[in-house]
Amino acid sequence: MLLTQGSGLESFVQFLTVLILFCIVLGITYVTTRYIAGFQKLKQEGGNIVVMETCKVAPNKYIQIVKLGETYVAVAICKDTMTKLAELSGDELAFSGSQGNGIPSFIEVLEKAKMIKQKK
């Protein structure tokens with residue numbers, strides 16, 4: 001069907017058909033991804049374990065501050081192991097305005113990009 005010679009109108013109709021099918025598949029993929037992401041977010045929100053901050057020390061080696069209930073714990077995470085370093089009180093910690101996982105929020109990144117653009 002695709003390899004046969006046809007008129008320009010037939011080729012255009014085939015192109016539109018493929019384009020519409022591609023958009024439908026893309027839409028289904030988007031909706032499915034949003035649904036699964038929302039489901040995972042709801043699953044994590046109600047928990048008592050929250051990663052507050054992460055610092056990469058070396059390849060595949062991290063130090064994380066984790067909130068377990070009302071207790072803060074510093075842990076070292078390697079490829080195959082996880083080691084408790086210390087328990088911390090909330091008074092000893094100072095968190096920046098970024099999200100708890102150590103990744104800045106989109107608004108912070110956007111503001112930083114605006115500042116860089118204004119300097120130019």
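The following dialogue examines how terms are applied to this predicted model.

Tutor: In this predicted model, local features need pLDDT of at least 70 and side-chain atom pairs count only at pLDDT 80 or more, while totals for chains, interfaces and linings use all residues. Residues are numbered from 1 along each chain as its sequence is written, and side-chain values use heavy atoms, with hydrogens and water left out.

Student: What makes the contact of E87 and K84 a salt bridge?

Tutor: A salt bridge requires a side-chain nitrogen of Lys or Arg within 4 Å of a carboxyl oxygen of Asp or Glu. The side chains of E87 and K84 meet at 3.1 Å, N to O, so the pair satisfies the definition. The count by this rule is one salt bridge.

Student: Are E87 and K84 called buried or exposed?

Tutor: Both E87 and K84 are exposed. That word stands for over 50% relative accessible area, whereas buried means under 20% and partly exposed lies in between (1.4 Å probe, protein chains only). Of the 120 residues of the chain, 9% count as buried.

Student: Why is C23 called partly exposed?

Tutor: C23 has 46% relative accessibility, and partly exposed covers values between 20% and 50%. C78 is also partly exposed, with a relative accessible area of 31%.

Student: How many disulfides does the structure hold?

Tutor: The structure holds zero disulfides. The term is reserved for a pair of cysteine sulfur atoms within 2.5 Å.

Student: How do you know which strands are the edge strands of the sheet?

Tutor: Strands are DSSP runs of E with at least two residues, and helices are runs of H or I with at least four, numbered from the N terminus. Two strands pair if DSSP finds at least two bridges between them. Four strands form an open sheet in the order β1-β2-β3-β4, with antiparallel pairing. Strands β1 and β4 (82–88) each pair on one side only, and are therefore the edge strands.

Student: What makes β3 and β4 a pair?

Tutor: Six bridges join strand β3 (residues 71–77) to β4, and the two run antiparallel. The definition asks for at least two bridges, so the condition is met. A74 stands opposite A86 in β4.

Student: What pattern does the chain follow along the sequence?

Tutor: The chain has two helices and four strands, and the pattern reads α-β-β-β-β-α. The loop between β1 (49–58) and β2 (61–68) contains N60, which has a positive phi of about 65 degrees although it is not a glycine.
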